[in-house]
Amino acid sequence: MKPDLFEAPDYYNLDDLLTEEHKLIRDAARAWVKRDVSPIIEQAAQDAKFPKSIIPGLAEIGAFGPYIPEQYGGAGLDQISYGLIMQEIERGDSGVRSTASVQSSLVMYPIWKYGSEEQRNKFLPKLASGEFMGSFGLTEPDHGSNPSGMVTNFKDMGDHYLLNGAKLWISNSPFCDVAVVWAKNEEGRIHGLIVERGMEGFSTPETHNKWSLRASATGELIFQDVKVPKENLLPNKSGLGAPLGCLDSARFGIAWGAIGAAMDCYDTALRYAKQRIQFGKPIAAFQLQQKKLAEMITEITKAQLLAFRLGQLKNEDRATSAQISMAKRNNVEMAIKIAREARQMLGGMGITGEYSIMRHMMNLESVITYEGTHDIHLLITGLDITGENAFK
């Protein structure tokens with residue numbers, strides 16, 4: 001087991017822009033990843049198993065709903081703190097960050113923002129502590145980029161709702177205790193429902209044979225005449241804007257998280273280039289390798305600045321959905337390109353589990369697709385700047 005020697009690049013002294021609290025939160029998450037994630041993550045990925053043993057640690061570093069108010073069990077932190085935590089976790093592994101993102105932005109966020117006071121008090125403290133784990137049901141087998149076409153539906157049966165349908169590509173589903181599920185009522189209006197483990201007709205089969213996010217549990221949510229209590233309907237927002245608001249929060253976390261994966265690949269490639277001797281000198285002394293490393297640190301620095309400014313706007317409640325889409329798309333593309341270049345720099349060693357690069361590369365193939373595909377985010381920016389809708 002190789003020691004985790006990661007050193008975070010900060011070429012533009014961005015630490016000067018962070019508060020002392022930001023740095024303490026980030027450093028605590030970084031230390032936890034080095035101690036509890038790095039030693040086990042390669043084997044977890046090889047075994048295609050989510051390491052449930054890390055759930056208490058994720059809760060301890062504030063990864064579950066860091067911006068949720070303390071009265072509901074959250075840490076009451078700002079959005080930059082949330083971003084920094086996601087950055088450090090994804091430096092360890094995108095699948096682990098996915099688990100935290102879903103819990104925070106796709107389960108806790110809608111209960112906090114759209115739920116009743118009773119729902120907040122019932123679910124949020126247990127989700128914040130990791131006692132409950134959650135999943136988010138929006139994507140369906142036939143409706144991914146077009147969630148408004150969903151067929152999952154519920155009917156008013158008088159004293160309860162009857163839920164039918166299926167969701168696919170759902171992180172955390174195989175072990176979730178609760179699921180925030182988006183479904184249409186009899187008038188075709190989209191609402192959020194909290195579905196709880198143990199409800200008859202609710203099942204969560206796991207998705208196997210993944211080449212990506214192998215250390216993350218992915219599955220389905222299947223509803224066959226599930227009786228959902230009426231008090232489990234999220235009362236304070238309906239329509240497609242409700243789940244899309246959750247996705248904004250998740251995409252913001254991804255924009256930061258992808259930087260972590262890129263930093264890990266860059267740091268690995270830089271260290272290797274200084275140590276690997278060919279033709280009598282370190283490969284870091286060759287122009288082509290310096291070009292790759294210089295481009296990597298340049299792109300990471302640009303992504304850091306983009307994410308930091310977005311965090312400021314998010315703290316001021318001024319970040320638009322289109323701005324968040326731009327950061328998610330740019331930063332994930334940046335990370336996947338760096339992973340591919342770093343893999344080449346390591347030659348054959350780059351494909352082995354001795355180094356993290358190939359795992360990051362495979363993970364990022366999912367990250368570039370979920371929470372809005374790469375192309376969809378491009379069209380969101382296009383719509384915003386032209387006013388013309390290319391989706392229809």
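# Reading helix packing and burial

Mentor: Start with a pair of helices. α7 and α8 are roughly antiparallel to each other. Keep in mind that this is a predicted model.

Trainee: How do I read that? At what angle do the axes of α7 and α8 cross?

Mentor: Look at the angle between the axes. An angle over 145 degrees counts as roughly antiparallel. Here helix α7 (residues 287-315) and α8 cross at roughly 160°. Their axes come within 10 Å. The crossing of this pair, α7 and α8, is left-handed.

Trainee: Which residues of α7 and α8 meet?

Mentor: α7 brings Q289, K292, L293, M296, E299, I300, A303, L306, A307, L310, L313 and K314. α8 answers with Q323, I324, A327, N330, N331, M334, I338, E341, A342, Q344 and M345. By class, the contact of α7 with α8 holds 14 nonpolar, five polar and four charged residues.

Trainee: The numbers often jump by three or four. Is there a general idea behind that spacing?

Mentor: An α-helix has 3.6 residues a turn, so residues three or four places apart point the same way. Keep that in mind when you scan a contact list.

Trainee: Let me try another pair. How do the axes of helix α4 (residues 94-114) and helix α5 (residues 117-129) cross?

Mentor: They cross at roughly 160° and come within 9 Å. α4 and α5 are therefore roughly antiparallel to each other. Their crossing, α4 with α5, is left-handed. On the α4 side, Q103, V107, M108, I111, W112 and K113 make the contact. On the α5 side, the residues are Q119, R120, F123, L124, L127 and A128. The classes in the contact of α4 with α5 are eight nonpolar, two polar and two charged.

Trainee: Now α1 and α3. At what angle do they pack?

Mentor: About 20°, with the axes of α1 and α3 8 Å apart. That makes α1 roughly parallel to α3. α1 passes α3 in a right-handed crossing. H22, I25, R26, A29, R30, V33, K34, V37, S38 and I41 come from α1. I80, S81, L84, I85, Q87, E88, I89, R91 and G92 come from α3. The contact of α1 with α3 has nine nonpolar, five polar and five charged residues.

Trainee: On to burial. How many residues of α9 are buried?

Mentor: Compare relative accessible area with the cut-off: buried means under 20%. In α9, eight of its eleven residues are buried, which leaves the helix mostly covered. The buried residues are I357, R359, H360, M361, N363, L364, S366 and V367. They pack against α1 (20-47), α3 (79-92), α4, α6 (241-275) and α8 (321-345).

Trainee: R359 is on that list. What does R359 touch?

Mentor: R359 sits in helix α9 (residues 357-367). At 7% relative accessibility, R359 counts as buried. Leaving out residues up to four places away in sequence, R359 touches I41, E42, A45, G92 and D93.

Trainee: Is K167 buried or exposed?

Mentor: K167 is buried, with a relative accessible area of 0%. It lies in strand β3 (residues 160-171). Beyond residues up to four places away in sequence, K167 touches G137, L138, T139, E140, M150, T152, V181, W182, G219, E220, L221 and F223. Sequence distance can mislead. K167 and T204 are 37 residues apart along the chain, and their C-alpha atoms are separated by 9.4 Å.

Trainee: What about backbone angles? Which sign of phi does W169 have?

Mentor: W169 has a positive phi of about 60°, although it is not a glycine. W169 is found in strand β3. At 54% relative accessibility, W169 counts as exposed. E371 also has a positive phi, about 55°, and is not a glycine. E371 is found in the loop between α9 and α10 (374-386). E371 is buried, with a relative accessible area of 15%.

Trainee: Last topic: cysteines. How many disulfides does the structure hold?

Mentor: Check the distance between sulfur atoms. A disulfide needs a pair within 2.5 Å. The structure holds zero disulfides. Take C176: the closest cysteine sulfur, in C246, is 16 Å from its own, too far for a bond. C176 is buried, with a relative accessible area of 0%. C265 is buried too, with a relative accessible area of 0%.

Conventions: Residues numbered from 1 in each chain as written. Predicted model: local features only at pLDDT ≥ 70, side-chain atom pairs only at ≥ 80, totals over all residues. Heavy atoms only, no water. Axes fitted to C-alpha atoms, helices over the stretch in contact; angles between N-to-C directions. Helix = DSSP H or I, 4+ residues; strand = E, 2+ residues; numbered from the N terminus. Parallel < 35°, antiparallel > 145°, perpendicular 65-115°, else oblique. Left-handed = near helix turned anticlockwise from the far one by under 90°. Contact = heavy atoms within 4.5 Å. Nonpolar A, V, L, I, M, F, W, Y, C, P; charged D, E, K, R; others polar. Buried < 20%, exposed > 50% of the residue type's maximum accessible area, 1.4 Å probe, protein only.
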